[in-house]
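Let's take a guided look at a protein, one piece at a time. Keep the picture open while you read.

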Amino acid sequence: MAHEVSPESYKDLVLFLATAGIVAPIFKRLKINPILGYLLAGVILGPFGLGRFIPYAPWLDYVTVDNPAEIAQLAEFGVVFLLFMIGLELSWERLRLMRRWVFGLGAIQVIGCSLGLGAGAMLLGQNPVAALTLGAALTLSSTAIAVPVLAERRRLHSEAGRATFSVLLFQDLAVAPILITLAILGRGHGSFQVKDLLALAPAALGLGAIVLVGRLALRPMLKSVAKAKSEEMFMAACLLVIIGAGLVSALSGLSMALGAFVAGILLAETEYRHEVEVKIEPFKGLLLSLFFVSLGIRLDLSLLAAQPVAILATAVGLMLLKTAVVFVAGLAMGLNRRAAIEAGLILAAGGEFAFVLLDKAIDAEVVSRPLGQAVLVSATLTMFLIPSLAALGGYLGRKSAPLPISETPPSTPREPDRVGPEPAGQVLVIGYGRVGKLVGDMLGRHDLPWIAVERDARLVEQGRRNGDRIYYGDASRLELLERCGLATAKAVVVTMDAFEVAEAVVAAARGARPDVPIVVRARDARHAARLYELGATDAVPETIEASLQLSEAVLVDIGVPMGLVIASIHERRDEYRKKLNRPDALGGRRRRLRDATLR
């Protein structure tokens, strides 16, 4: 028997989906960061917004979130998926290059800000344990907001963006030790004992297990799923990797986000990286939106009205101190002044882990509930300002442009993230069957860099064993082409024999890159004409090419001079091309434009 459907059970979900469908388009049209829209929507829909007026207008209950705690629990997955996607853009080698910045600048920021903020809390009358708790909680910045804002402003490749990411990564690593330290201080003995040090062992074992299992089982599992050629199974495998790694990390005393980050790094070294990115991107975007809404829901405006001076002063002091510490530490580590001030402003606000630390501190009675709630309001207010702080930092650091890898000086943080496409200037080969392999071989003979995309997992594995740069995925989707470097590719060569898919690839690539040469394998003359209509620069019909090669062979064999044969073959090929690639076809217009540019 079917269960009775209760509309109230789905009200919060419907409210969120309505918010996601309405807020983002409106704010993007107004050219305002959608993050602000989600935060404001959370404030309005929460119990401290419209919820306060329900006694006077009961109908408001229909547009108010009833269970903020449940939404917050689900919203945490937004940060988990974000860290996973960041991990996909890294590698162990890049992490090794980042170690000076992660454990140098990151450690200075966490220790310096914790001590500075703790000292300020003690001056205001807090005991040492409470003061250190408040300092450690407010030291942590918001990865969930800072990274998307930097990506949107195209500052992740800048010197400041690299430094910012290094600090955020160290903060994520520091959460578990901070929680253990606060637990020890909360017990009152105030010093580390052997059993306290052993409390770190589960965290180390958890990370070790994630790395070991990931190294041994991740690629074989995805290979097996890819061979099944099931979109649903592949997506399920991706979600299993993220959530499984996150749960192992959480059970070890670390954050779920850190476990997902490590899983992303492990996947980044596989041929399935770009396909996983395409599959997970919608989940990340939706869950991050929910995360921002949940932050707004927790903002208690009544506390702001009751203690405006104290809360605003705390917010301002927090941002000034954190900016100053990062600025001075950045200069000491070798950042230029513009990059140091930009990184300081982006990291100035509070972060999502402040809620975790202060909630635990309040439950343990280390910090009083009224004080903890007021501090959380201050931290939330600063998080509202992150897009504005990033804009100000970007303005101040506009001359701190991203440097090519070869030009990056040793004193700057090198390539900690690479959110975006493959390196520029490569030829994108779609399809890695017999034709694709030969095209790749010819490109290699002319020292032209190339990467391939193939849907058959067996061919991908074979290409990887040969040392070729090949990724698994469905190239008919524009998102995957963009991940594989379409934006900066020198040319696109479509070699697959699935001709309907080839047409989809041509249409997607031409829509995104009107200027790029697109050369496509066609079945026959009719199919070639269709590809030209879709925007192919050159279409090579198999039947016509076979006929021309046969003609060339027989003419040479019966004694016609090779030069005349080659000339006549080229002349006939051009006649076919002009006949198929009509002047009014999109491919014809692209070809004329290219020829004019070459002249």
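Which residues point one way from strand 2, and which the other way? Trp450, Ala452 and Glu454 go one way, while Ile451 and Val453 go the other, and all of them are buried. Keep in mind that this is a predicted model.

## The big picture

Let's step back for a moment. The protein has 599 residues, and 51% of them are buried. Its chain is built with 26 helices and six strands.

What about the outside? The accessible surface comes to about 27900 Å², and carbon and sulfur atoms hold 64% of that. As for who touches whom, take the contacts with a separation of 6 or more: 72% of them involve residues 24 or more positions apart.

## Strands side by side

Back to strand 2, which covers residues 450-454 and is mostly covered, with five of its five residues buried. Strand 2 runs parallel to strand 1, and four bridges join the two. If you want a spot to find on screen, try Leu428, which stands opposite Ile451 in strand 2.

Strand 1 (residues 427-430) also pairs with strand 4, again in the parallel sense and over four bridges. Here Val427 has Ala491 of strand 4 as its bridge partner. Strand 4 then pairs with strand 5 (residues 518-522), in the parallel sense over three bridges. One place to see this is Val494, whose bridge partner in strand 5 is Val520.

Is strand 4 (residues 491-494) covered on one face or on both? Both: Ala491 and Val493 are buried on one side, and Val492 and Val494 are buried on the other.

## Nonpolar cores

In soluble globular proteins, nonpolar side chains tend to be buried together. Here, the largest nonpolar core has 99 residues, and the members that touch the most others are Leu90, Leu105, Ile145, Phe261 and Phe292. Which helix gives the most to this core? That's helix 7 (residues 159-187), with 10 residues. Another core lies apart from it; this one has 38 residues, including Val80, Phe84, Ala226 and Leu443.

Let's zoom in on Leu105. Once you skip its neighbours within four places in sequence, Leu105 is in contact with Arg100, Ala163, Val167, Ala329, Gly330, Met333 and Leu335.

## Rings that meet

Now for the aromatic residues. A pair of aromatic rings is described by the distance of the centres and the angle of the planes. This structure holds eight aromatic pairs. One of them is formed by Phe234 and Tyr272: the pair is tilted, with 6.4 Å from centre to centre and 50° between the planes.

Why does this pair tie together parts that are 38 residues apart in sequence? It does so because Phe234 lies in helix 10 (residues 231-251), whereas Tyr272 lies in the loop between helix 11 (256-268) and helix 12 (273-297). Phe234 counts as buried, at 2% relative accessibility, and Tyr272 is buried too, with a relative accessible area of 0%. Add Tyr472, and Phe234, Tyr272 and Tyr472 form one aromatic cluster.

## Charges over rings

Rings can have charged company as well. The charged end of Arg100, one of the contacts of Leu105, sits over the ring of Trp101, 5.2 Å from the ring's centre. For another example, look at Arg464: its charged end sits over the ring of Tyr471, 5.1 Å from the centre.

Technical notes
Residues are numbered from 1 along each chain as its sequence is written. This is a predicted model: local features need pLDDT of at least 70, side-chain atom pairs count only at pLDDT 80 or more; totals for chains, interfaces and linings use all residues. Side-chain values use heavy atoms; hydrogens and water are left out. Rings of Phe, Tyr and Trp (its six-membered ring) pair if their centres lie within 6.5 Å; planes under 30 degrees apart count as stacked, over 60 as edge-to-face and the rest as tilted. Buried means under 20% relative accessible area, exposed over 50%, partly exposed in between (1.4 Å probe, protein chains only). A charge sits over a ring if NZ of Lys or CZ of Arg is within 6 Å of the ring centre and within 35 degrees of the ring normal. Contact means heavy atoms within 4.5 Å. Accessible areas come from the Shrake-Rupley method with a 1.4 Å probe; for residues, only the protein chains shown count as cover. A nonpolar core is a set of buried Ala, Val, Leu, Ile, Met, Phe, Trp, Tyr and Cys residues joined through side-chain atoms within 4.5 Å. Two strands pair if DSSP finds at least two bridges between them.
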